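Here is a short set of exercises to work through with the coordinates open beside you. Try each task before you read its solution.

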Amino acid sequence: MKKLALIMFMGIALSACSNTSKLPQTVQSINDVAPYPEASTGYTRYAIHLPKLTDENSAKVEVLVGKEMNVDCNFSHLATTLKQEELKGWGYNYYVVDKVYGEISTLMACPVSTNKNQFVTANLSWLDYNSRLPIVLYVPNDLQVKYRIWHPNAKILQANAE
C-alpha cells in the first residue's frame with residue numbers, strides 16, 4: 001500500500017513539473033535579475049529582454065544607439081565611445097555610452113532640398129545572443145536604443161574558385 005501511494009505521489013509530482021515548462025515565458029523586471037545600478041543624472045537605463053531561440057549560438061544582436069536628426073544626402077554617423085562594465089559580484093556585463101562627440105558625415109555636394117529626418121546611429125559592436133540575461137545599456141538622455149536580431153536562416157552556398 002505504501003509503495004502504491006509513493007508511486008501515485010511521484011506521478012502527480014512529475015506531471016506537475018512537466019506542465020510548468022509549458023507556461024509562457026514572462027519578461028521579468030531588470031531589478032529581479034540582478035542589482036544593476038540606477039541611471040545617473042543625464043542618462044537613461046535601457047534593458048533588452050531577448051526571446052528564447054532554438055539555436056542561440058548562431059544568432060547575434062545588433063544594438064543601434066542614435067537619435068532622429070535632419071540630415072542631407074550625405075552618410076551620417078554619431079561618434080561615441082562605448083564602455084563595457086561588469087556588475088561587481090555578479091559577473092554580468094552592461095554597457096555605457098560614455099560620450100557623444102558629434103556627427104560624422106561625408107562631404108558630398110547634395111541637390112537642393114534633399115534634407116530628411118533619419119535615425120542616425122553610432123557604430124557599436126555586435127553582441128552574442130543570450131536570452132537568459134538582458135542587455136543593459138546606459139545612454140545619454142537625448143539618445144534612443146533600438147536593436148535587431150540577426151541569425152542565419154538562408155541556405156549556405158559554395159563559392160567558386162577563380
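**Exercise 1. Find the strands that pair with β2, and give the direction and bridge count for each.**

Solution. Start with strand β8 (residues 144-150): 7 bridges join β8 to β2, and the two run antiparallel. One bridge to check is V63, whose partner in β8 is Y147. Next, take strand β5 (residues 116-121), which is antiparallel to β2 and joined to it by 6 bridges. Here K67 has V120 as its bridge partner in β5. Finally, β2 and strand β6 (residues 126-128) pair in the antiparallel sense over 3 bridges, with K60 facing D128 of β6 as its bridge partner. Strands here are DSSP runs of E with at least two residues, helices are runs of H or I with at least four residues, and both are numbered from the N terminus. Two strands count as paired if DSSP finds at least two bridges between them.

A word on the input before going on: this is a predicted model, in which local features need pLDDT of at least 70 and side-chain atom pairs count only at pLDDT 80 or more, while totals for chains, interfaces and linings use all residues. Residues are numbered from 1 along each chain as its sequence is written, and side-chain values use heavy atoms, with hydrogens and water left out.

**Exercise 2. Write down the order of secondary structure elements along the chain, then the strand order in the open sheet.**

Solution. Count the elements to begin with: the protein chain has 2 helices and 8 strands. Along the sequence they follow the pattern α-α-β-β-β-β-β-β-β-β. Now move to the open sheet, where 4 strands lie in the order β1-β7-β4-β3 with mixed pairing. β1 (43-48) and β3 (76-87) are the edge strands with a single partner each, so one side of each has no neighbour in the sheet. From one strand to the next, the twist averages 25 degrees (axes are lines fitted to C-alpha atoms, and angles run from 0 to 180 degrees between N-to-C directions). To check one edge, look at β1 and strand β7 (residues 135-140), which run antiparallel and are joined by 6 bridges. Within this pair, T44 has V139 in β7 as its bridge partner.

**Exercise 3. Which residues of the largest nonpolar core touch the most other members, and which strand supplies the largest share?**

Solution. First fix the terms. Buried means under 20% relative accessible area, exposed over 50%, and partly exposed in between, using a 1.4 Å probe and protein chains only. A nonpolar core is a set of buried Ala, Val, Leu, Ile, Met, Phe, Trp, Tyr and Cys residues joined through side-chain atoms within 4.5 Å.

The largest core has 21 residues, and I48, V63, V65, I135, L137, V139 and V145 touch the most other members. At least two residues each come from β2 (60-71), β4 (92-105) and β7. The largest share, 5 residues, is supplied by β2. For a closer look, V139 has contacts (heavy atoms within 4.5 Å) that include Y46, V65, V97 and V145. A second, separate core holds 9 residues, among them A34, Y94, V136 and Y138.

**Exercise 4. How are the rings of Y94 and Y138 arranged, and how are those of W126 and W150?**

Solution. Rings of Phe, Tyr and Trp (its six-membered ring) pair if their centres lie within 6.5 Å; planes under 30 degrees apart count as stacked, over 60 as edge-to-face and the rest as tilted. The whole structure contains 4 aromatic pairs. For Y94 and Y138, the ring centres are 5.3 Å apart and the planes lie at 70 degrees, so this pair is edge-to-face. The pair links distant parts of the chain, since Y94 is in strand β4 and Y138 in strand β7, 44 residues apart. Both are buried: Y94 has a relative accessible area of 12%, and Y138 has 5%.

Turning to the tryptophans, the centres of W126 and W150 are 5.3 Å apart with planes at 45 degrees, so this pair is tilted. W126 lies in strand β6 and W150 in strand β8, so parts 24 residues apart in sequence are tied together. W126 is partly exposed at 43% relative accessible area, and W150 is partly exposed at 38%.

Conventions:
Lists of a residue's contacts leave out its neighbours within four places in sequence.
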